[in-house]
Amino acid sequence: MIIKNKTIVADDWTVLRLQEQDTAESAIVAPGKVIVPLKVWQIQREMIQQRKDIGVWLASDERPEDLKDDVHKFAVIAVDFPKFSDGRGYSIAYNLRARLGYKGELRAIGDVLRDQLFYMQRVGFNAFAPRPDRKIEDAIKGLSDFSEVYQTSFDPGLPLFRCTQRKGNSTAGTFNE
Amino acid sequence: MYRYDEYDQQIVNERVKQYRDQVRRRLSGELTEEEFLPLRLQNGLYMQIHAYMLRIAVPYGLISSRQMRMFAHIARKYDRGYGHFTTRQNIQFNWLKLEDTPDILADLASVEMHAIQTSGNCVRNITSDEFAGVAQDEVVDPRPYAEILRQWSTFHPEFAYLPRKFKIAISGGKEDRAAIYAHDIGLAVTKNAQGEVGFRVLVGGGLGRTPIIGSEICEFVPWQHILTYVESILRVYNQYGRRDNKYKARIKILVKALGVDEFRRKVEADWADLKDGHGTLTSDEVNRVASFFVDPSYETLTDHDSKLNEFKADSRSFSNWLSCNVKPHRIPGYAIVVLSLKKPGEAPGDATAEQMEAVANLADRYSFGELRITHKQNLVLADVRQKDLIHLWQESTEHELTTPNIGMLTDIISCPGAEFCTLANARSIPLAKVISECFEDLDYQHDIGEITLNISGCVNACGQHHIGNIGITGVEKKDHDEWYQVSIGGAEGNDSSISKIIGPSFTFNQVPEVIERLIHVYLRERTETERFIDTVRRIGHAPFKEHVYATDFMAQEEKVADKHSVEPAQYEVPYYSPRF
């Protein structure tokens, strides 16, 4: 099960993680819906790019620009959080959405916990695979911790001060800069 | 000052609710301590040696009397009747229970306050000039921009898990009073030749293990673009800052490694498509926020008051206080008053609940109900009529807030040290107490004149020892005993510099004598107009070093076993520590 577009849904994608004995060349991409590591995509793309059921995932130290011309080829792109304290994935997501124009499913995988979900959805993630040792019904609550935000990110695309007329100090005269 | 609208209030209320649930999940075991740690830190909650410590944000050091009274309430109800004002213009309470903290945050929310991002690897509380809006040398009032940056950085979704903590300071005077050279980002709001407002942007300053003065990355960023420009700096740092080594994770290391030119190139490349985008500030928003910082209703007064002069002639204490703790104000007939939290023998920056209530009352009566907290751990009443100074002095003297030592030797900056902090190698506050008692004599202090003395219990430099004229650091040695390194030549402000160590370290009991010897060399060598720092810069370290180490110290040492009331190593506590 994963959280996708704010609901809990069944998931039939498999994430391929290289084992110690594997290399990007030797790794076998099984049939069916598979999310492969970026390196596997880069090396085996001739073999797998015709498949409709291929996704790709980025490690936190990999660059989204490496997918520059390819983002539209994927039904799903995932970003791995090796530890919840590693925040690079947030910038990767922002760049995939805002700079590379990726419109498909953007999934957070790895050390994904309830209290990160609110931030993750704002930088562009719309799918989350919470850590399996936690209840997904609890994790989904993290998406609605706040109902207002100040700054623009991928979502919303406007800062609060452009969204609404906020109140100034009514007792003050005109501010003289 | 800034007042919350319904959006600000809702965000803070929802934070309380979120945090309450996080604490519930921690207490029920649903969250491990490792998972709870970054969550509580982003709410300013540390686990110290004896208890939980909560650091509360005082945005850019500005606070109302009502908020100060809430601190008094928290001190009484949840703590041991006092609080500690910090070098980042915040307050921290040292003796809390985890299960009380959600209620404390709810109390704070009721007076438009919070503890959001006062710790953790995120953008911390924005600090600023304690004399903002009233300083005579002010070019542009930094407060509206500090508030705009506060809102922008609050819960920024992309920058909550940075490689390391991130501190922004902003100043708007000709003289920098916010230590902008010692911050991850230092902003000087200024005007260009056309009179347009913008920011000189410094990046990569910081203290800690690797003290570095910030480098200029842009000479002038027009005000409209400051949020997007800062965003690009943060994004470059978030992606490229080191995460493999905690001590090399600050932005200063990245800027050094890349070089400031390459760092700038990366920032400008990221900024290219943000510039003029939706994140660009509007004049409507700047005007809205600035409307909270318009002048209070000042009376038309003049600077000369005959009563004041008479009283000055009569009372030496008053006249000392006037020359030391009262600063010029840009409006005729008004003055800025610094209330000293550095009474000799007391912990620097500590205030009791009674003192908090007293200063709140003073603020209501004499300064439009507002106060400021300084990065030197004192309090400020920014808008006092000069004709009220005598009464104000009398009343605040009753609360031990008028020690005339602002900018003097006993105006010591000190971190909490080994009595509280799990990282410290040595005690800081007891040393500050002893030094302040040794140099209590006011005539002597005033003869020495302007000088700064900063104490950190370890190399992480929460006491900012690198930018003290005299800096003291607790160092780690194999014998696990308390040792202190002494350095001289540091300074903050426009002529910031990093101090240099004078030589081998000293015992606790030797340090006051070391200071005495340093002062002796200064008094011997100084020219008529020189401050301590000027003499150090002119004659160099050698004469100081020579005299300090020339003869044995008088200090007697106790048996090692009797020295420590606290032995940090024996406590199993997490890695994070106060103000770090």
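How many residues do chain B and chain A each bring to their contact? Chain B gives 36 and chain A gives 35, two residues being in contact if their C-beta atoms, placed from the backbone, lie within 7 Å.

This is a predicted model, where local features need pLDDT of at least 70, side-chain atom pairs count only at pLDDT 80 or more, and totals for chains, interfaces and linings use all residues. Residues are numbered from 1 along each chain as its sequence is written, while chains are lettered from A and ligands numbered from 1 in the order in which they are written.

**View 1. The side of chain B that touches chain A.** H1, H2 (33-41), H5 (143-153), H6 (226-240) and H9 (283-290) of chain B each supply at least two residues here; helices (H or I, at least four residues) and strands (E, at least two) are DSSP runs, numbered from the N terminus. H1(B) gives the most, with six residues.

**View 2. Helix H4 (residues 101-109) of chain B and its buried residues.** Look for Thr101(B), Ile104(B), Leu105(B) and Leu108(B), buried meaning that 20 or more other C-beta atoms lie within 10 Å of a residue's own. Their arc around the axis is only 100°, so they sit on the same side of H4(B); the arc is that of the directions from the helix axis to the C-beta atoms.

**View 3. The packing partners of H4(B).** In chain B, the buried residues of H4(B) pack against helices H1 (6-27) and H3 (65-78), along with strands S1 (45-47), S2 (52-56) and S5 (91-96).

Note on methods:
A residue is buried if 20 or more other C-beta atoms lie within 10 Å of its own, exposed if 12 or fewer, and partly exposed in between; C-beta atoms are placed from the backbone.
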